[in-house]
Amino acid sequence: MTQPSLNEQIEKILAEEAAQLEQNSWGNKLKRLWQADNKKQAFKAELFAMWRGLSKKGVFTLFLIVAFVFALTFSVL
């Protein structure tokens with residue numbers, strides 16, 4: 001058996017990466033949510049997947065945003 005050439009290997013890797021980026025795009029995520037039978041469960045799964053993808057710095061930034069919005073809203077009330 002002959003092994004694929006270096007160019008073929010590179011093309012395969014690039015195609016896999018492009019397919020993965022397309023699968024994780026915002027539009028494709030919305031399409032999956034829209035086509036799901038149980039939209040609430042699909043939305044929850046997408047949120048948990050997004051949460052797992054965040055770094056500690058991202059979680060802290062998200063916490064700060066929510067805390068400031070709460071503080072500003074609370075001060076108005």
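What does the accessible surface of the protein chain come to, and what percentage of it belongs to carbon and sulfur atoms? Before I answer, please keep in mind that what we have on the screen is a predicted model. The accessible surface comes to about 7600 Å², and 67% of that belongs to carbon and sulfur atoms.

Let me turn to the overall fold. The secondary structure of the chain consists of 4 helices and 0 strands, and if you read along the sequence you meet the pattern α-α-α-α. The radius of gyration is 20 Å, well over the 11 Å that the globule rule gives for 77 residues, so the chain is more spread out than a compact globule. If you would like dimensions to go with that, the C-alpha trace spans about 75 × 35 × 15 Å along its principal axes. As for burial, buried residues make up 5% of the 77 residues in the chain.

Next, the charges. The chain carries 10 positive and 7 negative charges, and the mean positions of these two groups are 16 Å apart. One of the lysines also has an aromatic partner to show you, since K39 lies over the face of W34, at 5.7 Å from the ring centre.

That brings me to aromatic pairs, of which the count comes to 1. The rings of F70 and F74 have their centres 5.8 Å apart, which is within the 6.5 Å that a pair requires, and their planes stand at 20°, under the 30 degrees that marks the limit for stacking, so this pair is stacked. Where do F70 and F74 lie? Both are in helix α4, which runs over residues 56–76, and they sit 4 residues apart, about one turn of the helix. Are these two residues buried or exposed? Both F70 and F74 are exposed, and for F74 in particular the relative accessibility is 59%, above the 50% cut-off, which is why F74 counts as exposed.

Let me stay with helix α4 for a moment, because T61 is found there as well. At 39% relative accessibility, T61 falls between the cut-offs of 20% and 50% and therefore counts as partly exposed. Two distances can be given here: the C-alpha atoms of T61 and L72, which are 11 residues apart along the chain, are separated by 17 Å, while F74 and F63, also 11 residues apart in sequence, are 16 Å apart in space, C-alpha to C-alpha.

Key
Residues are numbered from 1 along each chain as its sequence is written. This is a predicted model: local features need pLDDT of at least 70, side-chain atom pairs count only at pLDDT 80 or more; totals for chains, interfaces and linings use all residues. Side-chain values use heavy atoms; hydrogens and water are left out. Helices (H or I, at least four residues) and strands (E, at least two) are DSSP runs, numbered from the N terminus. The radius of gyration is taken over C-alpha atoms; the globule rule is 2.2 Å times the number of residues to the power 0.38. Buried means under 20% relative accessible area, exposed over 50%, partly exposed in between (1.4 Å probe, protein chains only). Accessible areas come from the Shrake-Rupley method with a 1.4 Å probe; for residues, only the protein chains shown count as cover. Lys and Arg count as positive and Asp and Glu as negative; His and the chain ends are not counted. The place of a charge is taken as NZ of Lys, CZ of Arg, CG of Asp or CD of Glu. Rings of Phe, Tyr and Trp (its six-membered ring) pair if their centres lie within 6.5 Å; planes under 30 degrees apart count as stacked, over 60 as edge-to-face and the rest as tilted. A charge sits over a ring if NZ of Lys or CZ of Arg is within 6 Å of the ring centre and within 35 degrees of the ring normal.
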